[in-house]
Amino acid sequence: MCGIVALIGSREAAPQLLEGLRHLEYRGYDSAGIATVALAAGATGGGQLHCLKAEGKLINLTARYEALGAPGQCGIGHTRWATHGKPEERNAHPHLDGSGRLAVVQNGIIENHRSLREELQAEGVTFLSDTDTEVIPHLIARRLGLLQAADQATDAALLLRAVQDVLPLLQGAYALAVVWAEVPSGLVVARKQAPLLIGLGEGEFLCASDTPALAGFTRTILPMEDGEVALLTPLGIELYDAQGARVQRSPSLLSGTEHVADKRSFRHFMLKEIHEQPETAALWVARHLPEDGPLPSPEGLSLVALPLDEEVYENVERIQILACGTSRHAAQVGAHLLEQLAGIPTSVYYASEFRYSPPPLVPHMLTIGVTQSGETADTLAALAMEQERRQLMADPAFAPKLLGITNRPESSLGRLVPHLLDIGAGIEVGVAATKTFLGQLLAFYGLAVAFAERRGHGSGGPDPQRLRALVAELRGLPALLQQLVESHDQRCADLAHLFAETQDVIFLGRGINYPIAMEGALKLKEISYIHAEGYPAGEMKHGPIALLDARVPVVSIAVPGTVFEKVLSNAQEAKARDAQLIGVAPACPDTEQLFDLLLPLPEVDELLSPLLTVIPMQLLSYHIAAHRGLDVDQPRNLAKSVTVE
Ligand code: AGP
């Protein structure tokens, strides 16, 4: 959470800092701030620090900048998602030292901030905020004072040294940037378990938490590795590892960030991204489903082409998937496919739970981390923990085998795992994940088919004809999605007013559509603030049915297949309790008679149905929130990328 930027060069820094923050606002929008350092008129050495902050969205900070200005060619910026301290201006970054000449922005959590704060307070330091970050400028200022007292020259190298000396005192995960009025031509950045990339421009450097902030500035980037510290001056970058040794590394080229933030004619990014799903599917089909090949056989694996080493598939007896939120729902659909299609026992874990209570180690395990951003702290930490504990095992059967599924191959996930599936959905700006969820589902369809082909019929895999039929249907998915998005957009818009007073909604699904019921509930909760629960339809009678009455609408996903009749019966039970029933189901006499409102679906193989049933879920949530006049793209209390624990 939180986004940071830092710029040094030969032009005014503030406009570029604000532009960078605009592209990072998805990481948090509780407050924003910048600090710039300008050469003081007539001064020979030091400069003047200008700090501006504003509560709320970036637009408030921009207005303040337009009124007050912030001169200087060197500066730092921050957009905040509150962790320690309320979202008020006094808790906005940058935070300053006691002299007001040193400023710090930070993304992460300093876990030992309380003891550090007490230590500094005992030395007479006064704190102005409730944040964990504020200890950092005071610690650096204290160290600078000691170094200066030891007659060290006041220059950028001194600032670097002071930051390097302070970092070992900080426990937790962080990315930070520091400017000091004494050195207007240098700034220091550092990272530990939080992302930070340096963009190399012409005679200037822009450092940021994520690539969208760099995309319009440069295509040449230097991602910082864990524990690294860098001194940026207009002359170049000095990069150091955690032990202080100089690091030389070549920059790389940024890819795929051209289509940054453009709402086109849509009212919100979320709606635009829902409408982009047929294209997401079409790209995936074009990339991964080669034209009709021969029937799958051990010699000619042909149905799906994924860019993965054969080693990923070898000797896999079990699969575990680690993810959070929407990504976890995609993982649950994936687990269903891997078990039902490929016959591989698969478990899904909340990454935040797995970290602290991992299951006992079993051999021949493939571990998959799913995160669209590639930066979710819990998912990364769970994967790293799994890797470490397996590396300690002498038996090669327990060796770690890690695969990541992400929309951001250049992310921290991309650097952590050796094997990666890029879902290639393009940048998603809306905080509520939509097209990236579809991309994750498609990745799992590809993976399950690839595993099923390799296992072969008879050893847990399905009949090749069945696989072939599924893949043929997948080829037709983009057209089906196009039709579905277009028809349901207006339908859901027309229904939205019915939910104007609604306080609770229940989503029901079974089998492969149970995760879609959970995803429908999550979407509704996060953007409309209506309480919603996703439940396996057959579980309602074991308790939750007590919640139902005429004020609680029930959205029921019912698709022909193994559980169709069962779901219809479960829906009937809800109807008997006066619940208003909304069906996400094919139009047929049974469904038309049962449901009060029907969001009709085309008929597809039950295994493929989540790719369609999720569309009405997304559109219904979107239109309910939009009808309520809520900030759909930036819902309260949320951030797109959850980079704290
Ligand atoms: C999705 O709508 C949510 N905003 C959220 O649950 C999200 O899926 C979760 O934070 C995981 O993010 P990731 O995919 O980037 O890891």
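**Entry 1. The eight-stranded sheet**

I looked first at an open sheet of eight strands, whose order is E3-E2-E4-E1-E10-E9-E11-E15 with antiparallel pairing. The model is a predicted one, in which local features need pLDDT of at least 70 and side-chain atom pairs count only at pLDDT 80 or more, while totals for chains, interfaces and linings use all residues. Residues are numbered from 1 along each chain as its sequence is written, and side-chain values use heavy atoms, with hydrogens and water left out.

For my notes, helices (H or I, at least four residues) and strands (E, at least two) are DSSP runs numbered from the N terminus. Two strands pair if DSSP finds at least two bridges between them.

Which strands form the edges of the sheet? I found strand E3 (47-55) and strand E15 (252-253) there, each pairing on one side only. Within the sheet I followed strand E9 (residues 197-200) and strand E11 (residues 220-223), which pair in the antiparallel sense over three bridges. Leu197 stands opposite Pro223 in E11.

**Entry 2. Strand E12 and its partners**

I next examined strand E12 (residues 229-233). Here I use buried for under 20% relative accessible area, exposed for over 50% and partly exposed for in between (1.4 Å probe, protein chains only). Five of the five residues of E12 are buried, so the strand is largely enclosed by the rest of the structure. Both of its faces are covered: Val229, Leu231 and Thr233 are buried on one side, and Ala230 and Leu232 on the other.

I then listed the pairings of E12. Strand E8 (residues 187-192) is joined to E12 by four bridges, and the two run antiparallel; Val188 stands opposite Leu231 in this pairing. Five bridges join E12 to strand E13 (residues 236-240), again antiparallel, with Thr233 opposite Gly236. E12 and E13 form a hairpin with two residues between them.

**Entry 3. Helix H11**

I compared the length of helix H11 (residues 377-391) with the expected span, which is 1.5 Å times one less than the number of residues. For its 15 residues the expected span is 21 Å, and the end C-alpha atoms are 21 Å apart, which agrees.

H11 is mostly covered, since eleven of its 15 residues are buried. Among them are Ala377, Leu380, Leu383, Met385 and Arg390. What covers the buried residues of H11 (contact means heavy atoms within 4.5 Å) includes E16, helix H10 (351-354), strand E18 (365-370), strand E19 (402-406) and helix H12 (412-416).

I also checked Ala384, which is found in helix H11. At 22% relative accessibility Ala384 counts as partly exposed. The C-alpha atoms of Ala384 and Arg355 are separated by 9.2 Å, although these residues are 29 apart along the chain.

**Entry 4. Aromatic pairs and charges over rings**

I searched for pairs among the rings of Phe, Tyr and Trp (its six-membered ring), which require centres within 6.5 Å; planes under 30 degrees apart count as stacked, over 60 as edge-to-face and the rest as tilted. By this rule I obtained two aromatic pairs.

The rings of Tyr313 and Phe451 have centres 5.1 Å apart and planes at 75°, so this pair is edge-to-face. Tyr313 lies in the loop between helix H8 (277-288) and strand E16 (318-323), and Phe451 in helix H13 (residues 435-455), so the pair ties together parts that are 138 residues apart in sequence. Tyr313 is buried at 9% relative accessibility, and Phe451 is buried at 2%.

The rings of Tyr349 and Phe354, with centres 5.2 Å apart and planes at 65°, are likewise edge-to-face. Tyr349 is partly exposed at 24% relative accessibility, whereas Phe354 is buried at 0%.

I then looked for charges over rings (NZ of Lys or CZ of Arg within 6 Å of the ring centre and within 35 degrees of the ring normal). The charged end of Arg454 sits over the ring of Tyr313, 3.9 Å from its centre. The charged end of Arg328 sits over the ring of Tyr350, 3.6 Å from its centre.

**Entry 5. Cysteines**

How many disulfides does the structure hold? I found zero, taking a disulfide as a pair of cysteine sulfur atoms within 2.5 Å. Cys74 is in no disulfide, and the nearest cysteine sulfur, that of Cys207, is 12 Å away. Cys74 is buried, with a relative accessible area of 0%. The sulfur of Cys324 is 17 Å from the closest cysteine sulfur, in Cys2, which is too far for a bond. Cys324 is partly exposed, with a relative accessible area of 24%.
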